[in-house]
Amino acid sequence: MLFSGIPFIFFFLTAVLLAYFTAPEKLKNAVLLLFSLAFYAWGEPRYVVLMAVSIFLGYVFGLLIEKYHGKKWDKLFLVLSVVTGLLSLGYFKYADFFIANFNEVFGVSVPLLRIALPIGISFYTFQIISYTIDVYRGKVPAQRNIISLGAYVALFPQLIAGPIVRYSDIAIQLAERKHTTEKIAQGIRRFVLGLAKKVLIANVLGELCDVFQSSGDKAVLFYWLYALTFTLHIYFDFSGYSDMAIGLAKIFGFDLLENFNYPYISRSITEFWRRWHMSLGTWFRDYVYIPMGGNRVTKPRWLFNILVVWMLTGFWHGAAWNFVVWGLWFAVLLVIEKLWLLKPLEKSRVLCHIYVLFFVLISFVIFNADSMREAFSYIGAMFGAGDIPLVSAEFSYYLRSYAVIIVIGIIGATPLPKLTVNAVSKTKHGGTVMAFCEPVVLVLLFILCTAYLVDGSFNPFLYFRF
C-alpha cells in the first residue's frame, strides 16, 4: 500500500485516525501497532510473521543485554541480536545475489532460491539493531512493554521508506506524547506537500525516464536529459515519501528527524551526504564507521574504513553490483575530497556546484542501471561513445514536452520556494495573506493529487526495491 494511493488516503488512513483518536491514551500504541501490521500485511501478508518474530527477538535481546549489563553475557546477546538481524536480511535480500555470483565464478548451476523481498526489511532490521546496540551502550533502557517496542519497529509512517528512526530519538514519545491541533495541522501540511512532490513531480519525471529507456531514437543529449530527469525523480520520489512519513508521524504525536536537506545545493560530495538520506548516513557513521575507528586511525586503516562503509551503504540499497559500485564511487570521491579537493573547491562557488552535480548525475545513472554493462553503456553514450547522434527527434520532442516540469523540479530542489514564502510572510501584510493562502493552496494541491491518482496509473515507488 502506497501513501500516494487512493486506498491508503481515503480508507486506511481514515480508519486508523478514527481508531487512534477515539482510543484511550494507554491503548494508542496498541492501535498503531495493530494498524501498522495490517498496513504491512496489505502487501506482504506472509511476512508479517517475520516482522513479529524480529520484534520479539529484539525485545528479548534488549532485556537480556540490560539484565547482564557489564558482564560477559551482555556482549554475547548483542552479537546474537546483530547476527540474527543480519542473517535474516542476508537470506531474504542477498541469498540469490551470492548464489548467482558463486555460479558465475565456479561455473556451476546452484538453483536460485527466488525469495520475494519483504518490503521494508532493510529499514526495520536496522532499527532493531540500533535499539539493541544503544541498550548495550547504556544509551537507553530496554523497553519492557513489547507493544511499545512493536509500535516503534512497525510504525507504518516510516516502515517502508524511513527515515530510519532510532529508538533513542522517540523512546520518550512512545511513553508520552502530545496531540495538539497545531501539531496535527503541521502534519497535514507536511503530508500534502510530500504527496504533491511525489505525485505531481516525481511521477511525471518518472514517466519521462520510462520513455527514454524504451526509446529507439536515443541521442547524446537524450542520455543527459535522462540523467538529469532521474536525478530529480529520485529526489522528489524519496524526499516526498519522507515528507509524508514525517507528516503522518506528527499527526500521531511523533517528531521524526529530517531525512533530506536540499542535497543538490551542496558544494562538495561530503556536504551532499550530510544532506541526502541523512538517517542512513548517520546510522552507518554511528554504528559502523566510528566503531571501526573512524578517522582516528592510521591513513591506510582510515581508507579501508571508508571503503567498507560505502560499499555497505551501496549494498544496503540492493543486491546487485551496480549498487556496490555506486557506493564505492562515493567512497573514492570522498577520499579524494578529504585528501586534496576540499580547499581548492572553496575558491570557486560555481565550480564546486558544477562538480557536485556532475558526479551525482553520473552516480544515479549507475544507481538506476539494470546491470554494470548497462551503466557503462549509458555513461559512454553520454560522452558520445557508440556513434550516436548529438540530438534526435524524440529528444527535441520530449524536452519541449517536459521542460516546464523539469524547471519546476530544479527550482523545487532548492530552498528558493521556502525562502520566498518566508520573505513574503515577513512583509507588512504578508503574514495575513499567507495565513489565508496556505490552506487554500494545500486543498487545491490535495484535490489535484487525488485527480491525478484517480486518472493515472503510473505511481511507482523506487524504494520498494530496497
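Good morning. I begin with glutamine 158, which sits in helix H7, residues 156-159. Please bear in mind throughout that this is a predicted model.

Is glutamine 158 buried or exposed? Its relative accessibility is 1%, and because buried means under 20%, glutamine 158 counts as buried. Its side chain makes a polar contact with the side chain of glutamine 127, at 3.5 Å. Setting aside residues up to four places away in sequence, glutamine 158 touches Gln127, Tyr152, Val153, Pro163, Val165, Ala245 and Leu256.

From there I turn to the nonpolar core. The largest such core holds 149 residues, and the members that touch the most other members are Phe3, Phe8 and Phe156. Helix H10 gives the most to this core, with 18 residues. Phenylalanine 8 deserves a few words of its own. Not counting neighbours within four places in sequence, phenylalanine 8 is in contact with Met1, Leu2, Phe3, Leu13, Phe39, Phe156, Phe191 and Leu248.Next, the pockets. The largest pocket has a volume of about 1,200 Å³. Which residues lie closest to its centre? They are Arg189, Leu193, Lys197, Tyr262 and Lys418, out of 37 residues that line this pocket. The elements that each give two or more residues to the lining are helices H9 (181-214), H10 (220-251), H17 (393-412), H18 (416-425) and H19 (430-455). The largest share comes from H9, with eight residues. By class, the lining of the largest pocket comprises 20 nonpolar, eight polar and nine charged residues. Helix H10 therefore appears twice in this account: as the element that gives the most to the largest nonpolar core, and among the elements that line the largest pocket, where an element is a DSSP run.

The second largest pocket encloses about 620 Å³ of space. Its lining has 21 residues, and those closest to the centre are Gly281, Arg285, Tyr289, Trp310 and Lys338. Here the elements giving two or more residues are helices H11 (269-275), H12 (278-289), H13 (299-317) and H14 (321-345). Which helix supplies the largest share of this lining? It is H12, with seven residues. In terms of residue class, the lining of the second largest pocket divides into 10 nonpolar, seven polar and four charged residues.

To close, I return to the starting point: glutamine 158 is buried, and its side chain is paired with that of glutamine 127 through a polar contact. Thank you.

Conventions. Residues numbered from 1 in each chain as written. Predicted model: local features only at pLDDT ≥ 70, side-chain atom pairs only at ≥ 80, totals over all residues. Heavy atoms only, no water. 1 Å grid on protein atoms, 1.4 Å probe; cavity = no way out; pocket = protein on both sides within 12 Å on 5 of 7 lines; lining within 4 Å. Points joined across faces, edges and corners; volume = space filled by probe spheres on them. Helix = DSSP H or I, 4+ residues; strand = E, 2+ residues; numbered from the N terminus. Nonpolar A, V, L, I, M, F, W, Y, C, P; charged D, E, K, R; others polar. Buried < 20%, exposed > 50% of the residue type's maximum accessible area, 1.4 Å probe, protein only. Polar contact = N/O pair within 3.5 Å; in protein donor to acceptor, adjacent residues only side chain to side chain. Contact = heavy atoms within 4.5 Å. Core = buried A, V, L, I, M, F, W, Y, C linked by side-chain atoms within 4.5 Å.
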